[in-house]
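The following report describes a single protein chain, beginning with its charged side chains and moving on to its overall architecture.

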Amino acid sequence: MDPRTRIAIIGCGGIGHTHARAYAANSDVCQLVACADVAPQAADSMEREFGCAAYQNAAVMLDAARPDAISICTPPSSHLPMTQLAAERG
């Protein structure tokens, strides 16, 4: 079993890519497994660059990927709903 922390990113814009690069630089302890963005091209870009599964819906991503931790890289007004969404899914 892989001991690394499984990470997912919600929001695949500039901040999301910054987080993804940091996770890639620390791949000995964490693994970026999934990302989600309502803009398909943003999620697809992260999938191509970092090799993670891409989704257009954060709830679907959380249910499918079952990450250990997430980075919420969306605009501030959506931080609370995304946090609640993640908390509801454990």
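## Salt bridges and fold

Arg89 and Asp63 are joined by a salt bridge in which the closest N and O atoms are 2.8 Å apart. Because Arg89 lies in the segment after helix 4 (79-88) and Asp63 in helix 3 (residues 58-65), the pair ties together parts that are 26 residues apart in sequence. The model is a predicted one, and the distances and areas given here should be read with that in mind.

Arg89 also forms a salt bridge with Glu88, where the closest N and O atoms are 3.9 Å apart; since a salt bridge requires a side-chain nitrogen of Lys or Arg within 4 Å of a carboxyl oxygen of Asp or Glu, this pair is counted. Asp63, Glu88 and Arg89 are thus linked in a network of salt bridges. As for the surroundings of these side chains, Arg89 counts as partly exposed at 25% relative accessibility, and Asp63 is likewise partly exposed, with a relative accessible area of 43%, whereas Glu88 counts as exposed at 62%.

Outside this network, the side chains of Arg4 and Asp2 meet in a salt bridge with an N to O distance of 2.7 Å. Arg4 is partly exposed at 24% relative accessibility, and Asp2 is partly exposed as well, with a relative accessible area of 38%. The count of salt bridges comes to three, and they are set out below.

| Positive residue | Negative residue | N to O distance |
|---|---|---|
| Arg4 | Asp2 | 2.7 Å |
| Arg89 | Asp63 | 2.8 Å |
| Arg89 | Glu88 | 3.9 Å |

In general terms, side chains of opposite charge can pair when their charged atoms come close. Over the protein chain there are 6 positive and 9 negative side chains, and the centres of the two sets lie 1 Å apart.

Turning to the architecture, the secondary structure of the protein chain comprises four helices and four strands, and the order of these elements from the N terminus on is β-α-β-α-β-α-β-α. The radius of gyration of the protein chain is 12 Å, close to the 12 Å that the globule rule gives for 90 residues, so the chain is as compact as a globular protein of that length. Taken along the principal axes, the C-alpha atoms fill a box of roughly 30 × 25 × 20 Å.

How much of the protein chain counts as buried? Of its 90 residues, 39% fall into that class, while the accessible surface comes to about 5100 Å², with 55% of this area belonging to carbon and sulfur atoms. Among contacts between residues at least 6 apart in sequence, 63% join residues that are at least 24 apart.

Two loop positions complete the description. Ala39 is located in the loop between strand 2 (30-36) and helix 2 (40-50), and at 22% relative accessibility this residue counts as partly exposed. Ala39 and Gly13 are separated by 26 residues in sequence, and their C-alpha atoms are 9.3 Å apart in space. Arg66, in turn, is found in the loop between helix 3 and strand 4 (69-72), and has a positive phi of about 50 degrees although it is not a glycine. With a relative accessibility of 47%, Arg66 counts as partly exposed.

Note on methods: Residues are numbered from 1 along each chain as its sequence is written. This is a predicted model: local features need pLDDT of at least 70, side-chain atom pairs count only at pLDDT 80 or more; totals for chains, interfaces and linings use all residues. Side-chain values use heavy atoms; hydrogens and water are left out. The radius of gyration is taken over C-alpha atoms; the globule rule is 2.2 Å times the number of residues to the power 0.38. Buried means under 20% relative accessible area, exposed over 50%, partly exposed in between (1.4 Å probe, protein chains only). Contact means heavy atoms within 4.5 Å. Accessible areas come from the Shrake-Rupley method with a 1.4 Å probe; for residues, only the protein chains shown count as cover. Lys and Arg count as positive and Asp and Glu as negative; His and the chain ends are not counted. The place of a charge is taken as NZ of Lys, CZ of Arg, CG of Asp or CD of Glu.
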